[in-house]
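Reader: I should like a close look at one part of this model, set in the context of its surroundings. Please treat the aromatic residues and their packing with particular care.

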Amino acid sequence: MAGELKIEIIRRETIKPSSPTPPFLKSFKLSFLDQFSPAIYGPLVFFYPKNDVVTSEQRSHQLKKSLSKTLTLFYPLNGRLIDKTIDCDDEGAQYFEAKFKGHLSTFQEQPDPETLKRFLPAESSSPTAGTRPLLLVQATLFDCGGLAIGICMSHKLADGTTIGIFLKSWAATSNGQAHQILPDLNAASYFPPKDVSLEGAKVELSKPQSVNVVKRYVFAASKVAALKVIAASSSVQRPTRAEVVTALIWKCTMAAIALNSGSASKHFVLSQAVNLRKRVDPPLPENCIGNLLGNVSTQTNNHTSDLQALVTQIRKGLTEYTQNRAKRLRGDDAFQVIFEQYKEVVEVMRRDDLHLMFSTSFCNFGLYDVDFGWGKPSWVTIPTGTRKNLVTLIDTREGGVEAWVCLSKQDMALFEHDPELLAFSNTSIPNSAL
């Protein structure tokens with residue numbers, strides 16, 4: 001399908017903030033949590049069906065006008081990243097307009113990862129994520145009148161929650177809501193930047209010679225409900241959607257790796273990104289922007305563990321992290337907590353006797369409520385990169401879970417045929433049915 005579809009960039013422009021940034025706000029400090037974040041772009045793509053009242057051209061004009069107003073509120077996104085600060089010089093965000101030779105409904109029937117990336121204005125690994133622009137937007141117009149909005153925001157300033165806050169604020173401005181969604185820009189006051197070098201702790205995220213494969217799995221709401229029943233126990237009576245789907249994917253991944261490696265004695269580690277805003281004490285404002293993420297590691301030596309056991313371990317790891325680490329992040333040793341966490345992840349990545357899987361979840365972010373004034377999206381998704389052993393979860397429109405899984409070609413060949421995985425997921429559900 002990818003060879004038949006064509007996306008052509010027809011216009012490039014810079015969207016500047018509607019009002020200049022005051023001189024006293026020209027220098028924006030990053031928090032030390034931002035310092036630990038990679039210089040990559042965080043991507044999201046929203047798909048909207050044709051609107052019979054507003055033309056595609058009117059929608060694009062509305063997007064640009066409201067984006068300009070929103071950038072005034074999120075003024076650091078207009079600047080240039082220099083070391084631990086952003087020079088807020090009001091250069092603005094990059095805006096691309098593109099044309100898609102085809103219909104939205106046809107593409108959504110069977111989307112593929114490579115074509116999805118073309119709805120984004122930049123590669124996730126682009127080096128510009130560490131300098132400028134910090135925000136790029138691509139509006140892609142379909143022949144049928146449908147619209148895709150692709151967002152790339154620098155991970156040096158933003159986690160997934162931050163992107164969600166920005167999009168909701170932008171949409172509220174676009175559709176004329178009286179109540180503005182204002183960002184809290186005080187992360188650096190909670191977690192002041194530090195003079196520390198991380199160069200010696202960097203590792204390759206994926207070996208150059210590895211061939212990795214990305215596949216999409218859709219867990220319908222009814223299947224997720226069935227998984228919850230199976231995974232529930234006296235220890236975790238009400239597992240979440242993310243917990244049960246993550247546990248199942250981890251279980252099937254471990255089985256594939258153990259079979260391919262010829263060894264059942266390997267150690268397996270699950271590394272999950274968690275939102276710190278509600279886990280620190282006292283909690284941070286929900287609309288605080290920045291990389292307010294912690295890392296929870298769960299380890300097992302038994303790749304044959306059942307879902308109940310894995311969900312229990314995942315919940316235990318999260319509870320212990322909240323009590324033993326997150327609660328300390330408002331204290332004097334906050335930097336030490338994060339630095340130790342960072343070093344632990346790096347050490348695990350360097351060990352050959354451990355199999356590490358990364359998992360991140362965009363579930364419950366309310367992304368299907370992002371309405372710019374012409375209705376809610378028909379599909380929201382995350383075009384993922386090709387980092388081996390990476391799992392990304394996001395809501396489906398009807399309350400299920402969409403999972404993007406990246407494994408080595410060898411492991412994926414076994415994983416994709418796992419009977420337990422196939423009993424609860426589907427790779428061929430068209431988005432029109434979600």
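Which residue lies over the face of Phe-358, and at what distance from the ring centre?

Author: The residue is Arg-387, which lies over the face of Phe-358 at 5.2 Å from the ring centre. The model is a predicted one, and every value below is computed from it. A second arginine is placed in a comparable way: Arg-59 lies over the face of Trp-374, 5.3 Å from the ring centre.

Trp-374 leads on to the aromatic residues. The whole structure contains 25 aromatic pairs. One of them is formed by Phe-74 and Phe-166, with an edge-to-face arrangement in which the centres are 5.1 Å apart and the planes stand at 85 degrees. Phe-74 belongs to the loop between helix 2 (56–73) and strand 4 (80–82), whereas Phe-166 belongs to helix 5 (residues 160–174), so the pair ties together parts that are 92 residues apart in sequence. Both Phe-74 and Phe-166 are buried. A further pair consists of Phe-100 and Phe-119; it counts as stacked because the ring centres are 5.6 Å apart and the planes make an angle of 15 degrees. This pair also links distant parts of the chain, 19 residues apart: Phe-100 is in strand 6 (residues 93–100), and Phe-119 is in the loop between helix 4 (113–117) and strand 7 (135–142). Phe-100 and Phe-119 are likewise buried.

Ring pairs also build a cluster, whose members are Phe-46, Tyr-48, Phe-74, Phe-166, Trp-170, Phe-372 and Trp-374. Trp-374, the tryptophan beneath Arg-59, is thus part of the cluster that holds Phe-74 and Phe-166. Phe-372, another member, has its C-alpha atom 10.0 Å from that of Gln-177, although the two residues are 195 apart in sequence. Gln-177 is located in the loop between helix 5 and helix 6 (187–190). With a relative accessible area of 45%, Gln-177 is partly exposed.

The nonpolar cores give the wider setting. The largest has 68 residues, and those with the most contacts inside it are Phe-47, Phe-119, Leu-135, Ile-149, Phe-166 and Trp-170. Not counting residues up to four places away in sequence, Phe-166 touches Leu-67, Thr-70, Leu-71, Phe-74, Leu-77, Leu-135 and Met-153. Apart from this core lies another, of 35 residues, among them Ala-231, Ala-247, Leu-248 and Leu-421.

Phe-358 falls within strand 12 (354–361), one of the elements against which the buried residues of helix 10 pack. The others are helix 1 (32–35), strand 10 (267–275), strand 11 and helix 9 (307–324). The buried residues of helix 10 are Ala-334, Phe-335, Val-337, Ile-338, Phe-339, Gln-341, Tyr-342, Val-345, Val-346 and Val-348. Helix 10 (residues 334–350) has 17 residues, which should span 24 Å at 1.5 Å a residue; the end C-alpha atoms are 25 Å apart, and the two values therefore agree.

Strand 11 (residues 293–300) includes Thr-300. Thr-300 is buried, since its relative accessible area is 6%, a value under the 20% limit. Its side chain reaches the backbone nitrogen of Asn-302 at 3.1 Å. Leaving aside neighbours within four places in sequence, Thr-300 is in contact with Trp-250, Met-254, Lys-266, His-267, Phe-268, Ser-305 and Gln-313.

After strand 12, the loop that leads to strand 13 (379–381) contains Asn-364. The phi angle of Asn-364 is near 65 degrees, a positive value in a residue other than glycine. Asn-364 counts as exposed because its relative accessibility is 65%. Asp-90 also has phi near 65 degrees, but Asp-90 is buried, with a relative accessible area of 11%. Its place is the loop between strand 5 (85–87) and strand 6.

Two cis peptide bonds complete the account of the backbone. One runs from Arg-132 to Pro-133, with omega near 0 degrees, and Pro-133 is in the loop between helix 4 and strand 7. The other joins Asp-281 and Pro-282, where omega is about 0 degrees; Pro-282 is in the loop between strand 10 and strand 11.

Terms used
Residues numbered from 1 in each chain as written. Predicted model: local features only at pLDDT ≥ 70, side-chain atom pairs only at ≥ 80, totals over all residues. Heavy atoms only, no water. Helix = DSSP H or I, 4+ residues; strand = E, 2+ residues; numbered from the N terminus. Buried < 20%, exposed > 50% of the residue type's maximum accessible area, 1.4 Å probe, protein only. Polar contact = N/O pair within 3.5 Å; in protein donor to acceptor, adjacent residues only side chain to side chain. Contact = heavy atoms within 4.5 Å. Core = buried A, V, L, I, M, F, W, Y, C linked by side-chain atoms within 4.5 Å. Expected span 1.5 Å × (residues − 1). Phe/Tyr/Trp six-rings, centres within 6.5 Å; stacked < 30°, edge-to-face > 60°. Lys NZ or Arg CZ within 6 Å of the ring centre and 35° of its normal.
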